[in-house]
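Hi,

Here's the structure I promised to pass on. Have a look at it first, then read my notes below.

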Amino acid sequence: LMAPTPQRRQNDSATFASEILEKLTYAIGKNPAAARRHDWLEATTLAVRDRIIDHWLESNQKTTESGEKRVCYLSMEFLIGRLLRDAISNLGLTQSVTEALAVYDVELDMIELLEPDAALGNGGLGRLAACFMESMASTGVPAFGYGIRYVHGFFRQEVVDGEQVELPENWLMHGNPWEFERRENSYEIGFGGKVAAIDEPGKPPRQIWRPGERVLAVAYDTPIVGWRGNHVNTLRLWSAQSLDPILLDAFNSGDHIGALREANKAEAITRVLYPADSHQAGQELRLRQEYFFSSASLQDIIRRHLKAYGTLHNLSDKVAIQLNDTHPAVSVAELMRLLIDVHGFAWDEAWTITQATFSYTNHTLLPEALETWPIHLFERLLPRQMQIIYAINAQTIREATQKGLDGGKITAISLIDENNGRRVRMGQLAFVGSHAINGVSALHTELMKETVFHSLHELYPSRIQNKTNGVTPRRWLMQANPGLTALVTDAIGPAFLDNVEKLADLDALATDAAFREKFMAVKLENKQRLAKVIEERLAISVDPGAMFDIQVKRIHEYKRQFLNIIEAIALYDQIRSHPERNWQPRVKIFGGKAAPSYAQAKEIIHLINDVARVVNADPSVQNLLKVVFIPNYNVSLAEIIMPAADLSEQISTAGLEASGTGNMKFALNGALTIGTLDGANVEMLEHLGEENIYIFGLTAAEVAARRREAHSGRSIIENSRLLREALDSIVKGVFSPDGQERYASLVSNLYNNDWWMIAADFEAYWQTQRKLDDLWQDTPSWGEKAVRNTARMSWFSSDRSIREYAKDIWRAGPGAPAS
Ligand code: 26W
């Protein structure tokens, strides 16, 4: 008998129909009569998965044979959402799968909704990692994503009596057909214990770490398919398991619960995603998570490299490791430990390899979000890594002293913060361990140089560079907005599907009345789809003909949902006092989660819901104003919301939003933006032209100046009748008759301090909103600007971001010099 070779799967609908049936029968064990919708989803997923595997094996083989450099993207978060539509669309299977399912009277659109969202992330940083994984596959950059396989992803949000309630999320409940457990790829991860000095005759003295605890990291792989299936990369997520699942002594002596103690402790490491993206939690378990996935990923990278090359001297020629924020920054010390203690390298060469291999992306300048760890905790959990950090610090300070930096600057670059009870600064560690450090928008990168990394930038002036964020046009245009995709294909041809820059051809059609009308007709259909969701979930009926004014993102003081809802209140007052004026109908839509421990953010959610209840029940504003808070904002909801927006709210206090990526998704789908000169809004202004975006408010420099001058909102509020009356109505309990005191502190903060410049920016915001009202009446002008937004946003594709990283930081991917 000859050894069989696997047959590549055919993609016609008849083959699909029979394979879906085969999966239903032999993988799930049901016949069509007994199959529930979920069974059809699973059978379809498995049939599609077979096609992915063909491409996946091919991609891996190609990369291994060519010896191309691989990118390893280390991220604590991957906010990927659903995968079925992404895979079907990228493989060009939409038509055959739809037709195949029709044979069994099953609709793809229905079953795909049953797939749970993989919500292994909090917000912008995690979603960026997911867009980057898709873009690396689409642009042919060989890559591994490395992260954590949380059993419970980001919490599910419900709104009960106007308030956020957090519920556990359980995405693995029905199993996960996309993942492959790789038991053979398991590594031991140590914690605690002691470091021993070993002095053998004839050998240089060395340190050896003897951990007090060990857990096992087990790999789970998910294939990530690029556009047209040309390349498939791997997302490798680590799950923690106990090395000693049952303590037999305890078990045999009858202590059955105690026997599982170790297993429970080990498995706790990957049980749940920390839901705070604004304040560092400072919990030991979080540091355990960070080290666990960093060490597992590095051990995996080293094992693969040694298998291919038998040496680690050339590691940085073959691997680029990107640190997604400081969450994996302990990797710098861990790679040094592995090179020196395990593989026998001398310090200097280990350091050269480490720096050449790592690069680091910073995603926030907010001081309360910068990670630092108490020395005593670090030392107890990771004693050898702590020694290495001290040594890196000594070396860095020596270099700075040689270059003549003064005491204040040395304090600023030190890896140890001595002011708050001695802490390890993870940003400084990531910086010195990397050859390139990047910000995520032009403004943010400049602010990095001026603020957190001022002194390190002086010491290493060529290391910081900018890589403005992007979003994948496959998920955020083609999949989320099939109506617009079909219209654009019809108008300018299909070339933009492969080269999104071609969207620029639409610009010429912005003044074509017939095209504009079709464009706005697609927008209306998308608004009807969202209106239906709002009706079904909240029993609020909204008019799809009204302006959909939308702010969806994490709830945070700096993002200023509070400013938006105050404007809604002022508008509500004005409509009632001046009903004769020419008001334009609006639906103000909000969505987003607050960190469970972030009290002010939760109050803002409560206020939005309180205002919504009052406004929506008031017949005097019925057709002019509605306020909606959509619970449980997530990737799947974003796919419905982005295409349905007329107006996108990007109103953060200038200087505080590193980039934003929702801003890009909205504008790509033809929403106009009202926003501050913050993050990537600044570059959107450059690409869109100032007629096509509505910018207001203080600049980053003005905000910084006011903060230095101890600005307060009091005189501004006293001089603005609109703002004062809006705030008075909040305080008087107009929206909270059952809780008069509820918002007293939220409002008094504006009078006494106004740290987030809400009072300072209110008037400019209000005026800009009224300009948008005027524009809304002028349908052709609005339509022209909407078309120009779609036409001019292609630069914000994550393919462009990835090509820049590949060329300037990783030296990997198509076109990279062979090494
Ligand atoms: C330690 C707690 C913690 C956890 C997560 C602090 C900070 C974070 C993230 C860095 C927050 C985050 O998601 N930042 C966002 O990153 C996006 C992608 O670059 C940017 O577009 C957003 O502006 C930025 O807020």
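Start with the open sheet: it has 9 strands with mixed pairing, in the order β7-β10-β11-β4-β1-β12-β13-β17-β18. The edges are β7 (180-191) and β18 (464-466); each has a single partner strand, so one side of each is left without a neighbour in the sheet. The sheet is twisted too: ignoring direction, neighbouring strands are turned by 25° against each other on average.

Bear in mind that this is a predicted model. The mean pLDDT of the chain is 96, with 100% of its residues at 70 or more, and the model scores are ipTM 0.98 and pTM 0.98.

Back in the sheet, try β10 (residues 213-225) and β11 (residues 232-242), which run antiparallel and are joined by 11 bridges. One spot to click on is Val225, which stands opposite Val232 in β11.

Next, which helix lies across β1, β12, β13, β17 and β18? That's α34 (residues 798-810), and it runs at about 150° to β17. If you want to find the strands it crosses, β1 is 70-74, β12 is 319-324, β13 is 358-361 and β17 is 436-439.

Last one: helix α27 (residues 681-688). Asn681, Val682, Glu683, Met684 and Leu688 are buried there. What do those buried residues pack against? Their partners are the helices α17 (442-450), α26 (662-668) and α33 (779-792), plus the strands β22 (647-650) and β23 (672-675). Right after α27 comes Gly689, with a positive phi near 90°.

Cheers

How values were computed
Residues are numbered from 1 along each chain as its sequence is written. This is a predicted model: local features need pLDDT of at least 70, side-chain atom pairs count only at pLDDT 80 or more; totals for chains, interfaces and linings use all residues. pLDDT is the predictor's confidence in each residue, from 0 to 100. Two strands pair if DSSP finds at least two bridges between them. Helices (H or I, at least four residues) and strands (E, at least two) are DSSP runs, numbered from the N terminus. Axes are lines fitted to C-alpha atoms, for helices over the stretch in contact, and angles run from 0 to 180 degrees between N-to-C directions. Two residues are in contact if their C-beta atoms, placed from the backbone, lie within 7 Å. A residue is buried if 20 or more other C-beta atoms lie within 10 Å of its own, exposed if 12 or fewer, and partly exposed in between; C-beta atoms are placed from the backbone.
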